[in-house]
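Colleague: I would like a close look at a single part of this model, namely the way in which two domains of one chain meet. Please set that part in the context of its chain, and explain the terms as you go.

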Amino acid sequence: MEKKFFDFIIHGGDYNPDQWIKTPEIWDEDMRLMKLAHVNSATINIFSWSLIEPEEGVYNFGWLDTMMDKLHENGISVILATPSGARPPWLAQKYPEVLRVEENGIRNEFGVRHNHCLTSPIYREKVREINRIIAERYKNHPALKMWHISNEYCGECHCELCQEAFRDWLRDYYHNDLEELNESWWNGFWSHRVTDWSQINSPKYRGENHVSAMKLCWNRFVSDSHISFYENEIAPLREITPDIPITTNFMKMYDGIDYQKFAKKLDLVSWDNYPAWDKGRNAEESAETAFVHDAFRSMKDGQPFFMMESTPSLVNWHDINKLPKPGMQELSAIQAVAHGADSVQYFQWRKSKGGHEKYHGAVVDHCGHEHTRVFRDVARLGTVLEKLGGVTGKYSNSKVAVIYDWENGWAVKHFCGFNNVNRNYVAECVKWYAPFREKGVSCDVISMEDDFSKYDLVIAPFLYMLKDGTDKRIEDYVANGGNFLATYLFGLVDKNDMCFLGGFP
Amino acid sequence: MEKKFFDFIIHGGDYNPDQWIKTPEIWDEDMRLMKLAHVNSATINIFSWSLIEPEEGVYNFGWLDTMMDKLHENGISVILATPSGARPPWLAQKYPEVLRVEENGIRNEFGVRHNHCLTSPIYREKVREINRIIAERYKNHPALKMWHISNEYCGECHCELCQEAFRDWLRDYYHNDLEELNESWWNGFWSHRVTDWSQINSPKYRGENHVSAMKLCWNRFVSDSHISFYENEIAPLREITPDIPITTNFMKMYDGIDYQKFAKKLDLVSWDNYPAWDKGRNAEESAETAFVHDAFRSMKDGQPFFMMESTPSLVNWHDINKLPKPGMQELSAIQAVAHGADSVQYFQWRKSKGGHEKYHGAVVDHCGHEHTRVFRDVARLGTVLEKLGGVTGKYSNSKVAVIYDWENGWAVKHFCGFNNVNRNYVAECVKWYAPFREKGVSCDVISMEDDFSKYDLVIAPFLYMLKDGTDKRIEDYVANGGNFLATYLFGLVDKNDMCFLGGFP
Amino acid sequence: MEKKFFDFIIHGGDYNPDQWIKTPEIWDEDMRLMKLAHVNSATINIFSWSLIEPEEGVYNFGWLDTMMDKLHENGISVILATPSGARPPWLAQKYPEVLRVEENGIRNEFGVRHNHCLTSPIYREKVREINRIIAERYKNHPALKMWHISNEYCGECHCELCQEAFRDWLRDYYHNDLEELNESWWNGFWSHRVTDWSQINSPKYRGENHVSAMKLCWNRFVSDSHISFYENEIAPLREITPDIPITTNFMKMYDGIDYQKFAKKLDLVSWDNYPAWDKGRNAEESAETAFVHDAFRSMKDGQPFFMMESTPSLVNWHDINKLPKPGMQELSAIQAVAHGADSVQYFQWRKSKGGHEKYHGAVVDHCGHEHTRVFRDVARLGTVLEKLGGVTGKYSNSKVAVIYDWENGWAVKHFCGFNNVNRNYVAECVKWYAPFREKGVSCDVISMEDDFSKYDLVIAPFLYMLKDGTDKRIEDYVANGGNFLATYLFGLVDKNDMCFLGGFP
């Protein structure tokens, strides 16, 4: 099987020409430098909303038209972002409902990014609208090769709109049967039997925060809200540009969204990879990174994924940020490709002059020229990647799988008992995964709902929760000759974090 | 002197048949298992309000009638709880004033437990009402042997009703004399002289939080609020069942309520004992536990108390929860009896299927049968306790007392100066108490207001505050031949945390 | 050059007779003890507002009249404070706008001190009013020698009045040009281009908190607000008592106010010096203290300053507060004088009977008499200081300067990158300063805006930000033979925390 979007490995990354709109000479210099760096792709428009729609209904696309043309003329493919990751100030001011509300009930003010209410009908409408305009404008532009939806979806909102949406979600999940919910949440405990859906609010420190089944539902609801927000985003794109593939960038094993569920909605999975190569624990770090690569590859049955972000040098958000040793970025990039990545992309092409990420590593530093170690390393890696184009689109084929399941991860996090401080689902899975990697045995990382039959061995560390039917599927797998290895904390509860009485169901 | 409520040592604990209302076969199994475990008592109805009054004014006592009968038929005494520890969702939804307000002024939402406003007239009325109905229904039931009021009273509320109640409390404490309050709080400092009672609010991080005398008053007010809440609870019980003794379960040396004051209102003191036998410091832990036992025994002049809760195995709320070694629970139970407990009770009889405490230890585990080490240990202990019935109701007689005084504890906690980080009143008292225990010398643990005359030796660690008249009582005691031992931090301030000028008053 | 306010070294400190208004015998005893302690000055009225204006418009100055007379009769100079550091409860109750609002948008309640809104027109009016009354009353009193404005100005407020004032401040700073602000804050990043001034709020955790240029402006605004609050305070004093010098007490290198800017508005700089002589690191502590002394001396070109507060023994706000070794306070006082202090003043003369600072060291302890080690030490030091009167008013003359600049300090604190956890501007400066001190070479501590030409050597540790023209001034200095030593992190950004592209401007 093979699925490829490009005949070459994508080499490029986040590019913010909108920050340099008053210095067009820098745009031209960027074209020159990109070619020098063997860069063949740029991801643009990620946080440009306040520039392309400076006032409600007033659009300013001239700069983006120019940039699209310029990139195309220079042979650089465009991955075009939708701008929902950060709204303009005027939008927040005019429609406060787009801003999140914290657990304390206080609405956030405008600021930072990734902070929209997941439910707000107005924000969804505004996002659909701007996406439609962008798609219409560039649908035939030859540079447009892929859509990058928003940026690193994350977080949650506790506004009244979200409360109502949560209640609707629960009605659906529990078949509009409040008694089913009461039973599933074991609401007899501490006198919590609800008699009306309106009595339920989101879990919060100043309200209900001890009902693990409720917290599981909240996790599922928030995750589904991100997914439906995404589906709202892509509707006009699917309609206008049906042939342009769609992705969005995931964040490692971020547990706020069920990536295994979300991945099914994407044409291509991509993720942002920031291993800490400067902490003196590279063996552990590379094992964990390999595990994450394999998890993203496994989300679409072995189809290659994109490494949408990585740093060409250091980051700016560790406690202490050190430049990794020479060659480290190349090793890291090749590791990604070896695990199935069809891209090596950077955040960021050029360091900002100001703003929060001005000291985050970039291909082009504040000095502005190509005579830096980092630039030279990137350019050399570019030539290596050019030789590897033949590997794109290839599927992998593993005979061993480790189960890492998002819903199980939530359950493992929430329950109270045994070891409350050192429970680390990812670390436990990596511990079981690492020996195979060390011996060169390719491993998949799958959910408990994935097909076990293609594996000789399935390992289930901390598989605390068994969803409906999982027990049967394990039994069938083993009955058919499969090898299933479970660890302690296996199979204690069902999908509502309710204990199986009498042992394994 | 002797005061006994039972001719045998109570062996049993918290039982939650309301969680298993849909599986009555488990009720029958529980009866069989209780007898196997030599259990003679069950505490029920603690968090059942949402089941017994599923809607306002609609009652559902059928299950409780059945359970009372069933327990009685099986020779098991019932300690019947009032359900105020956790209200039903409908009650919170209809009457938001019953929910607590935090220091930030934001009202909590419904959730968890032990979170009612201490002042709310509506909640007090609702509690009185349900208690009256329960008392009327079971006043003649032969299984009813004791009332267990609410559960682990704790916490505080900062709503407007509580502000007004605090001001009323202050008016009373300071003889309706604002100038007395100004002097007692040394309000000349930092320009705090108040000119109207309405200028006073509860202490809070975003308001007044540096006036130790005010914080002392707030502690007293909160403590008194719990006590008056309790008195409101028991009014219908005293009226309808004057012969049924009343207790409520205290939490170790919890400093939110003056237990020494509260104890005077109880027929019997009971407390929840959870020593950490799994931390490798059993010598220290058993010394501290002994100290606490002796404190509760001393609260009613040596009258036996109940150990209302303990775990038959592990808890679920430590950082890391380990099963204690075999035999440890028996040692712990016998320690309680030796220090004056007339009961060995567990939280909990049977592990919940769901909810926050499903991994808290229980006599009956999720497996549901009796073939576990824990069950066997409990059953064997039951036979031991059956042989010890003769000790119930006996008073102790100590010649040595250590002063541990709740109000002094608040003062020691609040003042700013000297060592601000390691001041630990309980630990200091245990340090002075432990050598006597090691030598087998029985010690009482008393307040500074208790009678000193019956002791040969009174030890006063950290007796920082001297209430009105305490100096005189110490002098008289010593003049009459008593031995009084004080440590550093002795006698610095009066009841308002005001320094004695020129030294000891 | 010479500027002296007294022919003798001031020896005295904070005195709170208002706390002892009901025990006038203590006032008389204080006079006797002050003379015994060789005290020649008292700072009074600091937190007396609720006593001098117990109700709005009702004044009670009798006690202060008496005290002024009494101090004068005993030869003790009065440094008279304005009382704005803590308002009376009635004022907060009647005009809630005087209370601060936290970042969460919740207004504080009355409490503690130093917590007024910096903008409130009502509070400014009330302060001006009470200051006018005090000045009129005592303008001709012979004891009045200096004004002490408020106390330890600090903190910030996020109320709507402050939001509007912040926007006005920004309009002024950025020439009423929103596009200049957008460029200066690099608002293209994360879609932050504002299109109306009203879209800007104060930085806060639940809003914008990642724009370092904005945070710099907020720091400047808050600092300027304190300064304009001060200017409002002193207007009536300058008018009524033009010959009485004015100071306010600073707090070490407190970074909430640009002391270098504020100092220009004072006749005399003073600061509160609390080295931790009880932590076993006296070498480091005395180096840092020397650095701070020199910074305050340098703020007014070498003019002597006052050490307005210090403890004669211990403080009460460390984690653990120990009495320093005998003689330590004398060494500490002489260090101050040697670095340019013309005063040795204590907080506090007499320990309070109650309140938050009752265990803070004082000349007179709770025992009330002079027979203590601390009292004797103070008295002996008084005699030493009496012999040193000739040094007052003398200017110093250093040939070496270390740049410590408040605005640069804010920039160093805010940026994200490199080492995010151990960046310590003060410590870095002290590290470069200490070797000169060890060799007995006098150092000034100046801002980057001060004149470099009088120094042979200027050292600029962590001079991360270069304000407009600073680069030119450095170049000129070096061109004229000066020696300028910069460290890593030198000259990366301009006053808006915007990187210089291509290197040093």
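Modeller: The answer below goes from the chain as a whole to its two domains and then to the side on which they touch. This is a predicted model, in which local features need pLDDT of at least 70 and side-chain atom pairs count only at pLDDT 80 or more, while totals for chains, interfaces and linings use all residues. Residues are numbered from 1 along each chain as its sequence is written, and chains are lettered from A and ligands numbered from 1 in the order in which they are written.

Chain A has 15 helices and 13 strands, where helices (H or I, at least four residues) and strands (E, at least two) are DSSP runs numbered from the N terminus. Its radius of gyration is 24 Å, close to the 23 Å given by the globule rule for 505 residues, so chain A is as compact as a globular protein of that length; the radius is taken over C-alpha atoms, and the rule is 2.2 Å times the number of residues to the power 0.38. Along the principal axes, the C-alpha atoms of chain A fill a box of roughly 70 × 55 × 45 Å. Of the 505 residues of chain A, 53% count as buried, a residue being buried if 20 or more other C-beta atoms lie within 10 Å of its own, exposed if 12 or fewer, and partly exposed in between, with C-beta atoms placed from the backbone.

Chain A is divided into domain 1, made up of 11-93 + 128-157 + 246-389, and domain 2, which covers 400-486; these bounds come from an automatic or database domain assignment. The C-alpha centres of domain 1 and domain 2 of chain A lie 31 Å apart. Their contact takes 12 residues from domain 1 of chain A and 16 residues from domain 2 of chain A, two residues being in contact if their C-beta atoms, placed from the backbone, lie within 7 Å.

On the side of domain 1 of chain A that touches domain 2 of chain A, α9 (259-262) and α10 (282-299) of chain A each supply at least two residues. Of these, α10(A) gives the most to that side, with seven residues. By class, this side of domain 1 of chain A has six nonpolar, two polar and four charged residues, where Ala, Val, Leu, Ile, Met, Phe, Trp, Tyr, Cys and Pro count as nonpolar, Asp, Glu, Lys and Arg as charged, and the others, Gly among them, as polar.
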